[in-house]
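Let's take a walk through this fold together, piece by piece. Have the sequence and the 3D view open side by side as you read.

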Amino acid sequence: METTDLNLMLIEANEQIKRLSFEETQNIILSTKHVILDVREESEVSFSGMIKNAVNVPRGLIEFKFRPGSKENPVNIDEETNILLYCAVGHRSALAAKALDDIGFNNVFNIGGFGEWVSNGGEIDLSLIHI
């Protein structure tokens, strides 16, 4: 079995999955059927909140929770749905997006990191924050 390092995995993911700008992401959110997946750990979400209307599915569970065409997916995703993934800085979301693409999902995009979203004025949900 061939091994690779994280940097090579990220290069491959970033070549395979389009990285959207904040503006491109906003256009998709405003004009298309979409789902936003937060692939950070629950502890990160409970500390800082998440993008409004996002669904939290940690990176380590992506391949276990999603199957193309399955009614058991945590959210309804059909062939028209744009799948927007983010994490803290964009690395885990790149890998998770590649995994979804590899198992057969269409319209999968990396929208980067939560900090970038917040700094661009993106709407967030703070209701899950635990102090």
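Before we start, one cut-off: a residue is called buried when its relative accessible area is under 20%, exposed when that area is over 50%, and partly exposed in between. With that in hand, E12 is easy to place: its relative accessible area is 43%, so E12 counts as partly exposed. Keep in mind that what you're looking at is a predicted model.

Let's begin with the sheet. It's an open one with 5 strands, in the order β1-β6-β5-β2-β4, and the pairing is parallel. The edges are β1 and β4, each of which pairs on one side only. In general, strands of a sheet pair through backbone hydrogen bonds, and they can do so parallel or antiparallel.

Now zoom in on β6. This strand is well covered: 6 of its 6 residues are buried. To one partner, β1 (residues 18–19), β6 is joined by 2 bridges, with the two strands running parallel. If you want a landmark for that pairing, find R19, which stands opposite N110 of β6. The pairing of β6 with β5 (residues 82–87) is also parallel and spans 5 bridges. Here the landmark is I83, whose bridge partner in β6 is V108. Follow the chain from β5 through α5 to β6 and you've traced a right-handed β-α-β unit.

Over at β4, the pairing with β2 is parallel too, with 2 bridges. L37 and V55 are bridge partners there, V55 being the one in β4.

What lies in strand β2 (residues 34–38) and is worth a closer look? That would be D38. Is D38 buried or exposed? At a relative accessible area of 0%, D38 falls below the 20% cut-off, so it's buried. Beyond its neighbours within four places in sequence, D38 is in contact with V45, M50, A54, V55, N56, V57, P58 and Y86. D38 also has a charged partner: its side chain meets that of R40 in a salt bridge, at 2.7 Å from N to O. R40 is buried, just as D38 is.

R40 leads us on to F114, since R40 is among the residues F114 touches. F114 sits in helix α6 and is buried, with a relative accessible area of 8%. Leaving out residues up to four places away in sequence, the rest of its contacts are S48, G49, M50, I51, Y86, C87, A88 and I124. Take A88 as an example of chain folding back on itself: F114 and A88 are 26 residues apart in sequence, yet their C-alphas are 5.0 Å apart.

Helix α6 (residues 114–119) also carries V118. Unlike buried F114, V118 is partly exposed, with a relative accessible area of 39%. Together with I124 and L126, V118 forms a nonpolar patch on the surface, and the three of them share about 230 Å² of accessible area.

Back to charges, then. How many salt bridges does the structure hold? There are 9. One of these pairs our opening residue, E12, with K98, at 3.1 Å between the closest N and O atoms. E12 is in helix α1 (residues 6–16) and K98 is in helix α5, so this pair ties together parts that are 86 residues apart in sequence. While E12 is partly exposed, K98 is buried, with a relative accessible area of 13%. K98 forms a salt bridge with D102 as well, and here the closest N and O atoms are 2.6 Å apart. This second pair stays inside one helix: K98 and D102 both lie in α5, 4 residues apart, or about one turn. D102 is partly exposed, at 46% relative accessibility. Put the two pairs together and you get a network of salt bridges linking E12, K98 and D102.

Last stop: the backbone in two loops. As a rule, most residues other than glycine have a negative phi. N53 goes against that, with a positive phi of about 70 degrees although it isn't a glycine. Look for N53 in the loop between β3 (50–51) and β4 (55–56), where N53 is exposed, with a relative accessible area of 63%. N107 also has a positive phi without being a glycine, at about 55 degrees. N107 is in the loop between α5 (91–102) and β6 (108–113) and is partly exposed, with a relative accessible area of 30%.

Note on methods. Residues numbered from 1 in each chain as written. Predicted model: local features only at pLDDT ≥ 70, side-chain atom pairs only at ≥ 80, totals over all residues. Heavy atoms only, no water. Patch = residues over 30% accessible without salt bridge, like charges linked within 9 Å, V, L, I, M, F, W, Y side chains within 5 Å. Areas by Shrake-Rupley, 256 points an atom, 1.4 Å probe, with all protein chains shown as cover. Salt bridge = Lys/Arg side-chain N within 4 Å of Asp/Glu carboxyl O. Buried < 20%, exposed > 50% of the residue type's maximum accessible area, 1.4 Å probe, protein only. Contact = heavy atoms within 4.5 Å. Pairing = 2+ DSSP bridges. Right-handed = clockwise from strand over helix to strand, strands pointing away.
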